[in-house]
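Please look over the sequence and the model that follow, and keep both at hand while reading. The explanation below goes from strands to loops, then to pockets and cysteines.

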Amino acid sequence: MSDSESRELDYHVADHIATITLNRPDRKNAFTMEVVDAWADALRSAQADPDVRVVVVTGAGDAFCSGVDLEAFAERERTPWAEKSLLTDRIHQVAFAAEALTKPYLAAVNGVAVGAGMDMALMADIRIAARSARFSEGYIRVGLVPGDGGCWYLPRIVGTATALRLLWTGDFVDADEALGMGLVSAVHDDADFAASVRAFAARLAAQPPVAVQLIKRAVREGERHDLRTALDLISSHQAVVTATQDSQEALAAFREKRPGTYTGR
């Protein structure tokens, strides 16, 4: 996917930062199948593009994502197999593409993130919230279970007890409460939000990209393995990264007290 602007999702790359913007502000960025497919494609493209070092997802207008557009899905087949296939074959492709992304993935939550919209934000490595952001799993209020991974992501981010409270009640959490429970890493006033997210993304993009990606791999793999396996993996990563031009440039820049210039090699 090259830089593109569609009716429902925008994707562009500038200064090593790929930005995915959900572009249905009149529907609070509730997603359709077109959005889901384009979202997964954008993440795969960012992974494959050597110019991309950081990926940011956000919403147009005053919302991040209000979940599934129920009107767009109203005419779908409702058999159990059709329901399962809709999730596994289409909607879950975003989760799989996010899991495969070795580059930093930031969710810039600029308003409500509800139901599947909250789950989509949980897929990011880091969530940054505008002061107006509000989060809710919400599924329980319509008699459903979280369909996009909320039961897997949320306990790993905020702990089991807090996750169950949010999942069982569907309560809304504002930005400050989200910060307190570790659901988001930072909160910025709405007027400064876009610039603050961009500055943080730029800071990550300015780091040695091979080291950044190997750190992410080590952290993610460490969630699945014991200490000995994790240390064995990191010894291999260290051997690889020290042989890169970027590692040598980073050391020289540190000694000379200047910013480094990195090529990803």
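What follows is a walk through a predicted model, taken one region at a time.

A convenient place to begin is strand E3, which covers residues 17–22 and is mostly covered, with six of its six residues buried. Its two faces can be followed separately: Ile-17, Thr-19 and Thr-21 lie on one side and are buried, and Ala-18, Ile-20 and Leu-22, on the other side, are buried as well. Both faces of this strand are therefore covered, since a residue counts as buried when its relative accessible area is under 20%.

Strands of a sheet pair through backbone hydrogen bonds, and they do so in either a parallel or an antiparallel sense. Strand E3 takes part in pairings of both kinds, being antiparallel to strand E2 and parallel to strand E4. With E2, which spans residues 9–14, the pairing extends over six bridges, and within it Leu-9 has Leu-22 of E3 as its bridge partner. The hairpin that E2 and E3 form has two residues between the strands, and in this hairpin Asp-15 adopts a positive phi near 55°. With E4, which comprises residues 54–59, strand E3 is again joined by six bridges, and there Ile-17 is matched with Val-54 of E4 as its bridge partner. The chain passes through helix H1, residues 33–48, in this part of the model, and E3, H1 and E4 together make a right-handed β-α-β unit.

The loop between E3 and H1 contains Asn-29, whose phi is near 60° and thus positive although the residue is not a glycine. Most residues other than glycine have a negative phi. How buried or exposed is Asn-29? Its relative accessibility is 1%, so Asn-29 counts as buried. Another positive phi in a residue other than glycine, near 55°, belongs to Lys-257, which is found in the segment after helix H10, residues 245–256. Lys-257 has a relative accessible area of 78% and is therefore exposed, the cut-off for that class being over 50%.

A further sheet deserves separate attention. This sheet is open, has four strands in the order E5-E7-E9-E10, and shows mixed pairing. Its edge strands are E5, residues 63–65, and E10, residues 173–174, each of which pairs on one side only. Strand E9, residues 134–136, runs antiparallel to E10 and is joined to this strand by two bridges. In that pairing, Phe-135 stands opposite Val-173 of E10.

From the strands we may turn to the empty space around them. Rolling a probe the size of a water molecule over the atoms shows where such space is left. The largest pocket has a volume of about 950 Å³ and is lined by 33 residues, among which Met-123, Asp-125, Lys-216, Arg-220 and Glu-223 lie nearest its centre. Several elements contribute to the lining of this pocket, for helix H2 (80–100), strand E8 (126–130), helix H4 (150–158) and helix H8 (209–222) each supply at least two residues. Which element gives the largest share of this lining? Helix H8 does, with seven residues. Sorted by class, the lining of the largest pocket has 17 nonpolar, five polar and eleven charged residues.

The second largest pocket, with a volume of about 770 Å³, is lined by 26 residues, and those nearest its centre are Val-68, Leu-70, Tyr-139, Val-142 and Leu-144. Here the largest share of the lining comes from H2, which provides four residues. The lining of this second pocket divides into 14 nonpolar, five polar and seven charged residues.

Finally, there is the matter of the cysteines. The structure holds zero disulfides. Cys-65 is in no disulfide, and the nearest cysteine sulfur, which belongs to Cys-151, is 18 Å away, whereas a disulfide would require the two sulfur atoms to lie within 2.5 Å. Cys-151 is likewise in no disulfide, its nearest cysteine sulfur being that of Cys-65. As for their surroundings, Cys-65 is buried, with a relative accessible area of 0%, while Cys-151, at 48% relative accessibility, counts as partly exposed.

Technical notes:
Residues are numbered from 1 along each chain as its sequence is written. This is a predicted model: local features need pLDDT of at least 70, side-chain atom pairs count only at pLDDT 80 or more; totals for chains, interfaces and linings use all residues. Side-chain values use heavy atoms; hydrogens and water are left out. Two strands pair if DSSP finds at least two bridges between them. On a 1 Å grid over the protein atoms alone, a cavity is a set of points where a 1.4 Å probe fits but cannot get out, and a pocket is an open set with protein on both sides within 12 Å along at least five of seven lines; lining residues have an atom within 4 Å of a point. Grid points are joined across faces, edges and corners, and a volume is the space filled by probe spheres set on the points. Ala, Val, Leu, Ile, Met, Phe, Trp, Tyr, Cys and Pro count as nonpolar, Asp, Glu, Lys and Arg as charged, and the others, Gly among them, as polar. Buried means under 20% relative accessible area, exposed over 50%, partly exposed in between (1.4 Å probe, protein chains only). A crossover is right-handed if, with the strands pointing away from the viewer, the path from the first strand over the helix to the second runs clockwise.
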